[in-house]
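Q: Please take a close look at how the charged side chains are placed in this model. I would like one connected account, with the reasoning spelled out where a cut-off decides the matter.

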Amino acid sequence: MRIYLSGPMRSQPDMGRGAFAEAAAALRADGHDVYVPTEQPGALQARDGDAVRRALADNLVWLCVQADAVVVLPGWRTSRGTKAEAASAKALAIPVHELEDFLLDGLDADEVVWP
């Protein structure tokens, strides 16, 4: 399954790289193809302005065209970018799951309640 991994970045130390890496490793160990925003060129420098707009646009292209599901990291409800990604997925009928639930139950996990 192609999973878009989403979570807080700008409010986190090192743009949340550690949390993304740990989650991606767990999902990949389960055999999923995982798109990780913090692994994309320039993502760790995108803190504001045009860089954030470009990074979000690039990420949303992958989410909209490739993703079978979105998995969100803890703290996602306070992240503007993550909420935008989750809303985009919902608009396209792409399921959105919280990480812990998805790791336990896969696609049988409850979808996140939106908003």
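**Charged side chains and their surroundings**

A: Arg 54 counts as exposed, because its relative accessibility of 52% lies over the 50% cut-off for that class. This residue belongs to a predicted model, and the values that follow are to be read in that light. The partner of Arg 54 is Asp 58, with which it forms a salt bridge whose closest N and O atoms are 2.5 Å apart. Both residues lie in helix 2, four residues apart, which is about one turn of the helix. Asp 58, with a relative accessible area of 39%, is partly exposed.

By the rule applied here the count comes to four salt bridges, and another of them joins the side chains of Arg 2 and Asp 68, at 3.0 Å from N to O. This pair links distant parts of the chain, since Arg 2 sits in strand 1 (residues 2–6) and Asp 68 in the loop between helix 2 and strand 3, 66 residues apart. Arg 2 is partly exposed at 31% relative accessibility, and Asp 68 is likewise partly exposed, at 30%.

A further salt bridge brings together the side chains of Glu 111 and Lys 90, at 3.1 Å from N to O. Because Glu 111 lies in the segment after helix 4 and Lys 90 in helix 3, the pair ties together parts that are 21 residues apart in sequence. Glu 111 is partly exposed at 43% relative accessibility, as is Lys 90 at 28%.

The segment after helix 4 (99–105) also holds Asp 110, which, together with Glu 100, Asp 101, Asp 105 and Asp 108, forms a negative surface patch. Asp 110 is exposed, with a relative accessible area of 62%, so it passes the requirement of over 30% that applies to patch residues.

Two of the elements met above also contribute to the nonpolar interior. The largest nonpolar core has 14 residues, and those that touch the most other members are Tyr 4, Leu 63, Val 70, Val 72, Ala 89 and Val 96. Helix 2 (49–66), strand 3 (69–72) and helix 3 (80–91) each supply at least two residues of this core, the largest share, three residues, coming from helix 2. Helix 2 thereby holds the Arg 54 and Asp 58 pair as well as that share of the core.

How values were computed. Residues numbered from 1 in each chain as written. Predicted model: local features only at pLDDT ≥ 70, side-chain atom pairs only at ≥ 80, totals over all residues. Heavy atoms only, no water. Patch = residues over 30% accessible without salt bridge, like charges linked within 9 Å, V, L, I, M, F, W, Y side chains within 5 Å. Areas by Shrake-Rupley, 256 points an atom, 1.4 Å probe, with all protein chains shown as cover. Lys, Arg positive; Asp, Glu negative; His and termini not counted. Charge placed at Lys NZ, Arg CZ, Asp CG, Glu CD. Buried < 20%, exposed > 50% of the residue type's maximum accessible area, 1.4 Å probe, protein only. Core = buried A, V, L, I, M, F, W, Y, C linked by side-chain atoms within 4.5 Å.
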